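Got your viewer open? Here is a short tour, one selection at a time.

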Amino acid sequence: MLIKLTGGTVYDPAAGVAGQQQDIYIQDGRIINPPAEAKPDKEYDLKGKVVMSGAIDMHTHIGGGKGNIARTLLPEDHRADPVARTHICRSGCGHAMPSTFVTGYRYAEMGYTTGFEPALLPVNARQAHMEMGDIPILDKGGYVMLGSDDYLLRMLTAQKDQKAINDYVAWTMQSAKAIGVKVVNPGGINAFKFNQRKLDLDEQNTHYGITPREILRVLATAIKELGVSHPLHVHGCNLGVPGNMQTTLDTIQGIGGLPMHLTHIQFHSYGTEGDFKFSSGAAQIAEAINLNKNITIDVGQILFGQTVTASGDSMRQHANHKHASPNKWVTMDIECDAGCGVVPFKYKDQNFVNALQWAIGLETFLLVDDPWRIFLTTDHPNGAPFTSYPHLIRLLMDKSFRNDVLATIHPEAQKMTTLASIDREYSLQEIAIMTRAGAAKLIGLKDRGGLSAGNWADITVYTDNPNREQMFEKPDYVFKDGELVVVDGKVVHVTWGTTHVVKPDFDPSVEKGLKEYFDRYLTMKLGNFKISDDEITEDGRGSITVHPTV
Amino acid sequence: MGLLVQHCLETIYTKLKGSLMTEITEVPSPFCGIGTDDLTIRVDGISLKVIENGCAVNTPLFEQAITDTSPRINGSPVSLDAAVNKAAELLKNTKLPVIGGCASDVNGMRGLLALADRCGAVVDNMNFVGARNNFLALQDSGWMNTTLAEVKNRCDLLLVIGSDVEAFAPRFFERYLWTEAMFLEDSSQRQVIYLGKAPSGDASTSPNGNKAQVFECGTADLPEVMAVLRALVKQQPIHAESVAGIAVADLKAIADQLKAANYSVVTWAAGALTFNQAELTVQMLSEMVKDINNQNTRCSGLPLAGKEGDQTANQVCGWTTGYPARTRFSRGYPEYDPFLNDSRELLANGEADALVWVHAFNVASVPPVTDLPTIVVGRSGMTFSKEPDVFIPVGTPGIDHAGHAYRMDNVVAIRLKKLRESGLPSTAEVLKAIEQAL
């Protein structure tokens, strides 16, 4: 079937197209060049409409055990947002941590077609893929978590060479079916199991004598040497701690120019100035980002309201439990592999710290110059549920709206932010970079996130509206792989996306040491640990897309 | 579907004649909940024999013979198609069908929840009354828990509350305590303390002969005993000298040991806490674990659970609906109520109007007897005191087909293997067929 999208105003940063009127042709799921004899089977008149590729959320907690703990923990949150079955959609629940089916529908209904789970614990990756396997429409993928696993720390203590580390990282990526590697509070989750309650960048794990700085170095090096597109994805030390801005600056310097992605940087950009000993470090952080081209970030914006924080960072989540609202929380130590912590949060605009966190996130967005190196996230659900993205986009694109909201937050927080003095408003092209082209480039998706011929036809069509929140929350049309899945912000057709992975090479002899370790210390056999392709494809709707290393 | 049954019978006959004997190693078990995955099983046609690493729980469940291959309507053999159509017909005009048992693999639960969503059913895992003790505590205040590999490598003190660990999982001690540990110089020096119930055997005795300390009390006295233990952990003054027959001095010694340990683990089986409002006892011990973590050492909880698909049911229901597996779809969207959605109550008080019983693991786990239309999707070999309207024998995950099952610690989903070619359909295939026939 040949589909023609006629006369839309196209924002396709991947091809350098910024608001030009263009026709787009779709055949067999992909965008094609205008055919010689263009007799489309179906034509959509998009004159006056805004056309972008489907949006990509490069950091969203949509699959895995901690998310399911968050769901189980919060029945009262689900009860406020029941989602009924329709003739094509399954029932479920929404709000802070939606059910899997509702996650897919609601992402698609805001024009998103791809999401990446950033914290695939190797031993829990199977669950993450099974949950993502029940998320309709979206393409998905995950970054496997390393850095607090005892195997890596033992290797570092034993001073194994970089090649051995690379083999282990590649083996883990293949076993867990990942497209990237994440490190969370490097070594800190492990240190918490030895009763350490904080771990600075240069502080040693009491058992292994290894520091976070060393862990970051070897993992970032491994990613680069293995040719994995997505740089090491780093949730740094000291999340949420006043003064952690310095840790973040030191982390940037410490990586020595290697590619590194710092995630939810808002939670790592705090100073200690002012009466409350809590201040914005956004300006210093943004300056460092602007100077260091090897660094990319996503923001992890907080927005006011009830949500739940679900993190691999058991050490920091345990410390944060005193802020739990409602007052119930979970931490877990997990399988000599990782950990997790789930703490419900209610961010309040009249709470000084929360109000300033909100401002710090926005300052970061507005002070980082290069939209190709910054990504729009709330660290769903940790800063806010992903359904708040349209509101966040309006805050970025509309200075007067932003300042109106600013005028309502805690007055002391207003005094501690430079937000009112920042005139920048994001353009549609910059939004398209952050949420499409930039994300695809960062992760290494060659045929997603763009609208030129050869790309998969993941396409979102909006009605231009000066109220950007209204515009982005209800696209006119969403196409996934060329199939029309959403009309006027409602799912009209349910499809199933693919799982994006990379398969970096490793020396098969890596399994020798691993097998001995599994047999001696772990609770499952090596052969039963590795996830096979058919586990993702056997239900008849999942598929795996392997991306090349570079 | 008719073809499937024929194929199944043909396969069985071929295998019997051919007597194709193989041994499969590193077989994971979906039965015991502790994730044993080192069994060696000899497959001879369709009969299985556990050769290595069996136990009192796993061996009989692996070796259970296939007796039924044909679905039945009112006791008479029919094709799978006919049984599926009859099941759909029975469900078609129901107002509140209940789906009980809920014991299968991940794909089985996926199919079960899709069917429940479609026909507005109540989904109720058969062991939810026990699991509820944990869910209510979790949903009220949370917990700090751990998983089996952390127990194996770190645990220097195991405190067992009101539960018989080895009866629950015979190989628990062998696999996770009396074995090499990464962070203990001598794993046989680990301490084991039973509070409430005495162990039924000697599995908790260390290899060098150290016996567990045992402080017995009545199960129903555990709330009081736990309250005093937590108070002692928090250094609250206790005036009584004994609680439910246990000396406060002994409880004080346990509190001190917990605080002196580097990584103590408190374990309990929620289903063993058979007294009213046992969730408050789970909460008490979980809050005690948190208190210990505030006294400059580490401690974690370890709920014993996960037999025959319990964790799987709650996990899959969790991501599909947001709620554990006692959830109804009768209003078009999921509604969780840990009391009102009790399927036995709904059957007893006349609210339910049909029963679907799903149990792919254990022939002894039969449905409650009811006069309502009853559809059983069960393990081959199930026998009934009252023949259900429809019985569809299905394969067992991890024996007749591959699948996934959750271990007790809720983190590790094990990949179950297909061991033989029985031709029996999977739970997922049958439930999907019923949904499509509706």
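Below is a walk through the two chains, then where they meet. Keep in mind that this is a predicted model.

**Stop 1: chain A**

Select chain A and switch to cartoon. You should be looking at 20 helices and 26 strands. The radius of gyration is 22 Å, close to the 24 Å that the globule rule gives for 550 residues, so chain A is as compact as a globular protein of that length. Turn the C-alpha trace along its principal axes and the spans come out at about 70 × 55 × 45 Å. If you colour by burial, 61% of the 550 residues of chain A count as buried. A contact map is worth a look too: among contacts between residues at least 6 apart in sequence, 75% join residues at least 24 apart.

**Stop 2: chain B**

Now swap to chain B, which has 14 helices and 22 strands. What radius of gyration does chain B have? It has 23 Å, which agrees with the value near 22 Å of a compact globule with 438 residues. Along the principal axes, the C-alpha atoms of chain B fill a box of roughly 70 × 50 × 35 Å. Buried residues make up 59% of this chain. For contacts in chain B between residues at least 6 apart in sequence, 67% join residues at least 24 apart.

**Stop 3: a strand inside chain A**

Go back to chain A and pick residues 338-347, which are strand β19. Is β19(A) enclosed or open? Of its 10 residues, 9 are buried, so β19(A) is largely enclosed by the rest of the structure.

Next, add the strands that pair with β19(A):

- Residues 305-311 are β17(A), which pairs with β19(A) in the antiparallel sense over 7 bridges. Label Val308(A) and you'll find it opposite Pro344(A).
- β18(A) is also antiparallel to β19(A), this time over 5 bridges. Here Val330(A) stands opposite Val342(A).

Zoom in on the turn while you are there. β18(A) and β19(A) form a hairpin with 3 residues between them. One to click on is Glu335(A), which sits in that turn with a positive phi of about 55°.

**Stop 4: across to chain B**

Show both chains together. How many residues of chain A are in contact with chain B? The count is 47, and they meet 49 residues of chain B. Which element gives the largest share of chain A's side? That is β18(A), residues 329-334, with 6 residues. Colour chain A's side by class and you get 17 nonpolar, 15 polar and 15 charged residues.

Stay on β18(A) and select residues 142-145 of chain B, which are strand β8. The two strands run parallel and are joined by 4 bridges. To see one of the pairs, pick Thr331(A), whose bridge partner in β8(B) is Met144(B).

**Stop 5: two crossing helices**

For the last view, select residues 65-73 of chain A, helix α1, and residues 310-321 of chain B, helix α12. Their axes come within 9 Å and cross at roughly 80°. That makes α1(A) roughly perpendicular to α12(B). Turn on sticks for Asn68(A), Arg71(A) and Thr72(A) on one helix, and for Gln315(B), Gly318(B) and Trp319(B) on the other, since these residues make the contact. By class, this contact of α1(A) with α12(B) has 1 nonpolar, 4 polar and 1 charged residues.

Definitions and conventions. Residues are numbered from 1 along each chain as its sequence is written. Chains are lettered from A and ligands numbered from 1 in the order in which they are written. This is a predicted model: local features need pLDDT of at least 70, side-chain atom pairs count only at pLDDT 80 or more; totals for chains, interfaces and linings use all residues. Two residues are in contact if their C-beta atoms, placed from the backbone, lie within 7 Å. Ala, Val, Leu, Ile, Met, Phe, Trp, Tyr, Cys and Pro count as nonpolar, Asp, Glu, Lys and Arg as charged, and the others, Gly among them, as polar. Two strands pair if DSSP finds at least two bridges between them. The radius of gyration is taken over C-alpha atoms; the globule rule is 2.2 Å times the number of residues to the power 0.38. A residue is buried if 20 or more other C-beta atoms lie within 10 Å of its own, exposed if 12 or fewer, and partly exposed in between; C-beta atoms are placed from the backbone. Axes are lines fitted to C-alpha atoms, for helices over the stretch in contact, and angles run from 0 to 180 degrees between N-to-C directions. Angles under 35 degrees count as roughly parallel, over 145 as roughly antiparallel, 65 to 115 as roughly perpendicular and the rest as oblique.
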